[in-house]
Amino acid sequence: MIIAIDGPSGAGKSTLGKLLAEKLNLLYLDTGAMYRAVALAVLLEEVSARDHEEIIEIAQDSAIELRGEPKKQRVKLNGENVTDDIRTNEVSQIASIVSTIPQVRKELVRRQKELGKASKTGAILDGRDIGTVVFPKADVKFFLTATAEARAKRRFEEDSAKGVKTNLKKTLGEITRRDERDAHRKHSPLQKADDAIEIDTSEMSEEQVFDKMLEEIEKRGKG
């Protein structure tokens, strides 16, 4: 069974994906973490975000691993644990630029398909083009969304809890810019698959969204 979860940054895809994967005993693949890992490699090698050729080479040469249980999944880049390092705002912004490069997406989509198909029990993947590009024939597709303001508030609260110095206005600006890039990139733009179940999480609790998604999966006989 393959479950695709798409949507903009901050809509709750990763959190809900992990919860569902744990509940249904499925492999969880945070595809965004893969793009973030490439972005971190770009930063570590001090490559300009405009140097697409070099970035493509980095993406192709980088060993990226997703290890462990859904809620405790570790991300390794060339053997090094970078789970926390890829969650900075700087990496997030570079990742949204890196993800617009067709050859980078092609490479990571190839890896995502291989990982998903290799799982004997099935997999849950979250990202921005899972239901439209990576697994267009996924058994169940979700599109999680929320207002930019709601997503910014969540991200701001998460950053504050981690001790990251930021402000709500800045966070909203970063999310708005990322939305713009994701929606208008030429290759695999963020879009809802025609057969995806859309859920607006703006006014919903994590538990409410989880219950709704589980209900939809069970309706289709996949639970």
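**View 1. Glu46 is an exposed loop residue with a positive phi**. Glu46 has a relative accessible area of 73%, so it counts as exposed (over 50%; buried is under 20% and partly exposed lies in between, with a 1.4 Å probe and protein chains only). This is a predicted model, in which local features need pLDDT of at least 70 and side-chain atom pairs count only at pLDDT 80 or more, while totals for chains, interfaces and linings use all residues. Residues are numbered from 1 along each chain as its sequence is written, and side-chain values use heavy atoms, leaving out hydrogens and water. To find Glu46, look in the loop that links helix H2 (31-44) to helix H3 (52-61); helices (H or I, at least four residues) and strands (E, at least two) are DSSP runs numbered from the N terminus. Its phi is about 55°, although Glu46 is not a glycine. For background, most residues other than glycine have a negative phi.

**View 2. Asn78 sits in a loop beside a three-stranded open sheet**. The strand order is S3-S4-S5, with antiparallel pairing (two strands pair if DSSP finds at least two bridges between them). At the edges are strand S3 (64-67) and strand S5 (80-81), each of which pairs on one side only. S3 is joined to strand S4 (residues 74-77) by four bridges, and here Glu65 faces Lys76 of S4. Follow the chain into the loop between S4 and S5 and you reach Asn78. Like Glu46, Asn78 is not a glycine, yet has a positive phi, of about 50°. Asn78 is partly exposed, with a relative accessible area of 46%.

**View 3. Helix H4 is largely enclosed by the rest of the structure**. Eight of the 10 residues of H4 (residues 89-98) are buried: Asn89, Val91, Ser92, Gln93, Ile94, Ala95, Ser96 and Val98. These buried residues pack against H2, H3, helix H5 (102-118), helix H7 (148-161) and helix H8 (168-184).

**View 4. H4 lies roughly parallel to H8**. The two helices pack at an angle of about 15°, with axes 9 Å apart; axes are lines fitted to C-alpha atoms, for helices over the stretch in contact, and angles run from 0 to 180 degrees between N-to-C directions. That angle makes H4 and H8 roughly parallel (under 35 degrees; over 145 is roughly antiparallel, 65 to 115 roughly perpendicular and the rest oblique). From H4 come Asn89, Ser92, Gln93, Ser96 and Ile97, which meet Glu174, Arg178 and Arg181 of H8 (contact means heavy atoms within 4.5 Å). By class, this contact has one nonpolar, four polar and three charged residues.

**View 5. H1 and H9 pack obliquely**. Helix H1 (residues 13-24) meets helix H9 (residues 206-219) at an angle of about 50°, with their axes 10 Å apart. On the H1 side you will find Thr15, Leu16, Leu19, Leu20, Lys23 and Leu24, and on the H9 side Glu206, Val209, Phe210, Met213, Leu214 and Ile217. Nine residues of this contact are nonpolar, one is polar and two are charged.

**View 6. Thr145 is a buried residue of strand S7**. Thr145 belongs to S7 (residues 140-145) and has a relative accessible area of 15%. Its C-alpha is 5.2 Å from that of Ala11, although the two are 134 residues apart in sequence. Leaving aside neighbours within four places in sequence, the contacts of Thr145 are Pro8, Ala11, Glu198, Ile199, Asp200, Thr201 and Ser202.

Conventions
Ala, Val, Leu, Ile, Met, Phe, Trp, Tyr, Cys and Pro count as nonpolar, Asp, Glu, Lys and Arg as charged, and the others, Gly among them, as polar.
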